[in-house]
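Please look over the sequence and the 3D structure below. The report that follows takes the cysteines, the core, one helix and some unusual backbone spots in turn.

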Amino acid sequence: MRYVRILHYEMERNNIMNYESYNRFGNRIELTSCEEKANEQLMFLKWLEYQKWEVNGTNVSLGDRFSKARDDIERSLLYKVLRKMPKGAALHVHDVGLTSVDFIVKCLTYYQNLWVCVARNKELREFRFSQKFLNETNTTNMCTWYPIKEWRRMHGAKVVDAKIRDNLLITTTDHKLVAARLKEIKSLLKGLISYAPVWEIYFEQAFKEFIEDGVQYIEIRTFLPRLYNLSGHSLSQLETLAALKRASETVAFYNASFVGTKVIYTPSRNVNYNEVDMLLSDALILKLVFKNYVAGLDLISDDYFPKPLRDFSERLIYMQDSMDFYFTVDDVYGNQLDNDENLIDAYLLGSKRLLFSYALMQHPYILRQIHRLNIGLVINPISIEYMQNLGNSRFHPASILFTFNLPLIISSDYPRLWQASPITHDFYVTFMKIAPRESDLRVLKQLARNSIVHSAKSEAERDVALRVWEIMWSKWIYNNTERERHQPTSVYIKVLKLFLNTIGSCHYQNVKGTENLFYAIISKQQKTKNKTKNNMNYFWFLFSCILSEAHRINGGKVAYSQPSVQALNSFEYRSTPEAYHTLRQAFLSYEQSRVLGYDVILNANETLANEFIMRVKTQEYEKGLATPHLFAPSRHLFSVLEEIKKSNLFVLLSMMPKGAVLHAHDTALCSTDFLIELTYRDNLWLCQDTKTLEVFDMKFFKTQPEDALNNNCEWELMSKARHTYGAQTVDDILREQLTLYPTEKFMDNNEAWQQFMKIFALLDGLLFYIPNWSDYYYHALEEFYADGVQYLEFRSTLPILYDLDGNNYTEMDTVKVYKETLDKFLVTHNEFIGSKLIYAPIRNADQNGIEHYIKVCKEIKNLYPDFLAGFDLVGQEELGRPLKDFIPQLLNLAEDVDFFFHAGETNWFGSTVDENLIDAVLLGTKRIGHGFALIKHPMVLEVVKQRNIAIEVSPISNQVLQLVFDYRNHPCAHFFADNYPVVISSDDPSFWKATPLTHDFYIAFLGIASAHSDLRLLKKLALNSIYYSAMSHEQKQIGLQKWQIKWNKFIQTLINGDSISKSGSDGVILKELFNNNID
């Protein structure tokens, strides 16, 4: 019986969507009538931004990273509205990145007595104020001192100012270089802003800029450098802090909307053991003298290998009564390493707030505790783009946090170093890219309130700050609603409804006529005849689209399950270091108990083999930590394809019996080499551009075909083309056109999909020739079997095959060829388990098309009941029709036809695309294909666990099709960390020159899973692939027996020390590793 019947389907669907909507961040805020009017305008501008992106692809602000989108963002009306919005507090900003670079260059560097130290390559190394003549060479930075005034005279003020500006900005988008660049900027600025007279001016200007940007309160992270004067005399840290406090009080005195600042003292944690006590003593003295101004302590580092918080835990425990902590948790990728575990230590030490890091998604228990204990969670969206190789904030993993209604806070880190506004750009990025698409004024209001509620202010101070913010908020709302009278956005919204009712729907034919109709309606609605078309172009663009978004009905109630480990309560057992370490170990043990594969018990031989495998994995892992830019999973597959094949870990994984591939498409299975072999068969014609030699089509035919897909191509025999241009030339052209290699970056995933689909189209004529079809499938089974795969479930559109005479066959003939070829293969491959078909036609179908699909599926089930695994709809989800369009037809399928839906293969949040996940689970899907957006739908995740729905993860496919750039950011890390039913598959390995499965296993094991994940995870993934297959119970038992035989041989090969003796130099290396580390 299906999970829901058709009469209840819509009710269940609405229940899920209402539940998720109610529990999303900010959705419980009730807006006043004035706020509702302001929200109407705000959402009008937001949807306009989306429509510019979706219809024309012209909105760079949504489609690219911040460094490229900044100017487009600032030109948008939405940004201008957000800039005036009172945003509350900036709770995570550093002293170095507060003030605009223009002010530093045009004002501070023109102060008298400023010197600059210039290296031989003309790079600026250091600034220094001095009355003395600095004629000595700075041996540390290898530079020579010049008076800045003289340097400007020698090279021109404009040139020097531009040089200084370039040296104070982070323009690189390569995260590997950003940390080093940040250290250089800090070093360069230190001598400039730590000059006592400049120090106060610098911060006064910073506070003014933050006020102009809608900020009422700031908490500054600073290591409080010792200020100096012209004589070179250094002041104490107390004097530095006093000067900063004066600057804050001065600005607050003249700005009633500004409620001041506090300081979080942030010394470096990269100090030797003897310096720790001195640093912490300094912190206590600062807190004692400036009790109400020093908010607390953080320990930071610019280095890639900072010391973990655990090293300081004993001393920090004794400080808890006198000092609050606001720890920065390092954004590292290596799950469960020392710096990843900083998150655990920060939580256990009672950090008042936590900074979002990628590691958070691998610690589900801490996520629950953040919600239960209401611990503020700070997100710096733009900073993460720069610091952590996030190609676009639409890929930001923090988007899941908005679904849990966690206490989120937006801040900006070092905003001026990437030419961002103090905080508005971060709010824009959050509102447009990270938060759900339907997020509205309630989200912005909640973010602003959270920033004050979770500040370091006392309760009385918070009440004052909230009252000030509420006054500013009410004024902003009033100004927006007042402007409605002069710029009546609501009029245009009413006209939109009238316009759409008049023309029915906006199809993009006869645009000119539609445009004239639009102007006529506008004139009638406003009763004004002097309105020019130019003044309405902005709104005409809106009418060229259809805005069909609607607010969801609130309902439901959030619920979070708590762990059964009673000791994991951070407000108990913190009195002594011994109790702390006991609690910490319990914490780690609890998290490990949730990891996928933890329940697998290894036997003696497997334990020995595991030591070997982990030795090999750790070597590659540590090599990556030492040289992060060379770590294979952090890079695009195409740049490391051959390098991966040479790695010891890859060689081991290629030997391993991996069970089944449950997600692959039939025309993308075989290697390019075999495809080239097929092109050497007789009677193959190609339609080729004679100038560029690009191939547009291939077809087997007795005589020259008459039809051509492209007017620029001409048909000729493949053999003749090889004779004319050379066989190698033609083969190279085909190889290039039959894969996406080596293109790593497309404009967006739409462009990637366009190129992707061109390969399928090019292969049609080559593969659908009926003799080739059988040979292709047989060879695919051979290649998968050679790569350690013993069972295959493939998705097929069931193409219409043809023969040399031009006769076309039926879908049933295609299935028949599959079944007969499989039977032939099984005769000669006793250890192979089998293969099944998932009928998966294209999702862009009309009513007649979907009814035909259902008819074909029923016919296959009738003729080949054991060969048909089930039904799916394929194609790019973002441009295809959603599952909800086909509900009646899908529910009409027989109950013995299972669903295996593609769903959530997207970065969007709150669209009909990611909502396919809801429909998939309601329709009773047995597995979810890709599920990339799953972490944004907490209730769907709950259903996935409760109903044991497998998630088919294809890591390489997700990268090549532009969903993720660095595998360490893949959402599957969360699935691994919280024991979701995952199976690893390869999707279309032929198109990226990958092996049938080993490359995906390599990426998942080394780049996505925890550093501690071992043979248990590998075994679990292999077992999962059989368990979650479409085989019957009896077939699974037989399959497991066949897999176990090969698994035992694999383990025995490893522990015998004679591993892969046939693999050349790699085998020698592995054998040496085994002998050195295991014996």
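## Cysteines 687 and 713

Cys687 has 0% relative accessibility, so it counts as buried. This comes from a predicted model, as does everything that follows. Cys713 has a relative accessible area of 8%. Buried means under 20%, so Cys713 is buried too.

Cys687 and Cys713 are joined by a disulfide, with 2.1 Å from S to S. This bond ties together distant parts of the chain. Cys687 sits in strand E13 (residues 684–689), and Cys713 sits in strand E15 (residues 713–717). The two cysteines are 26 residues apart. The torsion about their S-S bond is about 80 degrees, so this disulfide is right-handed.

## Cysteines 117 and 143

How many disulfides does the count give? It comes to two. Cys117 and Cys143 form a disulfide, and their sulfur atoms lie 2.1 Å apart. Here, too, distant parts of the chain are linked. Cys117 belongs to strand E2, and Cys143 to strand E5 (residues 143–147). Their separation along the chain is 26 residues.

The S-S torsion of Cys117 and Cys143 is about 100 degrees, so the disulfide is right-handed. Both Cys117 and Cys143 are buried. Count the bonded cysteines along the chain, and the pattern of disulfides reads 1-2, 3-4.

Two further cysteines deserve a look. Cys670 is at 0% relative accessibility, so it counts as buried. Cys857 is also at 0%, so it counts as buried as well.

## The chain as a whole

Now step back. The chain has 1079 residues, and 61% of them count as buried. Its secondary structure comes to 42 helices and 23 strands.

Consider contacts between residues at least 6 apart in sequence. Of these, 77% join residues at least 24 apart. The accessible surface of the chain comes to about 42600 Å². Carbon and sulfur atoms account for 50% of that surface.

## The largest nonpolar core

In soluble globular proteins, nonpolar side chains tend to be buried together. In this chain, the largest nonpolar core holds 315 residues. Which of them touch the most other members? They are Leu401, Phe871 and Phe976. Helix H30 (residues 749–767) gives the largest share of this core, with nine residues. Domain 1 (71–477) and domain 2 (628–1056) each supply at least three residues to the core.

Take Phe871 as a case. Leave out residues up to four places away in sequence. Phe871 then touches Ile838, Tyr839, Pro841, Tyr853, Cys857, Leu890, Leu893, Val897, Asp898, Phe899, Phe900 and Phe901. One of these contacts is Cys857, the buried cysteine met above.

## Helix H9

Helix H9 (residues 175–193) has 19 residues. How far should it span at 1.5 Å a residue? The expected span is 27 Å, because the rule multiplies 1.5 Å by one less than the number of residues. The end C-alpha atoms are 26 Å apart, which agrees.

Which residues of H9 are buried? They are His175, Val178, Arg181, Leu182, Ile185, Lys186, Leu188, Leu189, Gly191, Leu192 and Ile193. What do these buried residues pack against? Their helix partners are H6 (101–106), H8 (157–167), H10 (196–212) and H16 (381–387). Strands E2 (114–119) and E3 (124–129) are also partners. Strand E2 is where Cys117 lies.

## Unusual backbone spots

Most residues other than glycine have a negative phi, and most peptide bonds are trans. Three places in this chain are worth checking against that rule.

Start with Pro742. The peptide bond from Tyr741 to Pro742 is cis, with omega near 5 degrees. Pro742 is found in the loop between helix H29 (727–737) and H30.

Next comes Leu693. Its phi is near 65 degrees, a positive value in a residue other than glycine. Leu693 lies in the loop between E13 and strand E14 (695–700). Its relative accessible area is 15%, so Leu693 is buried.

Last is Leu798. Phi of Leu798 is near 55 degrees, again positive in a residue other than glycine. Leu798 lies in the loop between strand E16 (789–796) and helix H32 (811–828). At 2% relative accessibility, Leu798 counts as buried.

Terms used: Residues numbered from 1 in each chain as written. Predicted model: local features only at pLDDT ≥ 70, side-chain atom pairs only at ≥ 80, totals over all residues. Heavy atoms only, no water. Core = buried A, V, L, I, M, F, W, Y, C linked by side-chain atoms within 4.5 Å. Buried < 20%, exposed > 50% of the residue type's maximum accessible area, 1.4 Å probe, protein only. Helix = DSSP H or I, 4+ residues; strand = E, 2+ residues; numbered from the N terminus. Domains from an automatic or database assignment. Contact = heavy atoms within 4.5 Å. Areas by Shrake-Rupley, 256 points an atom, 1.4 Å probe, with all protein chains shown as cover. Disulfide = S-S within 2.5 Å.
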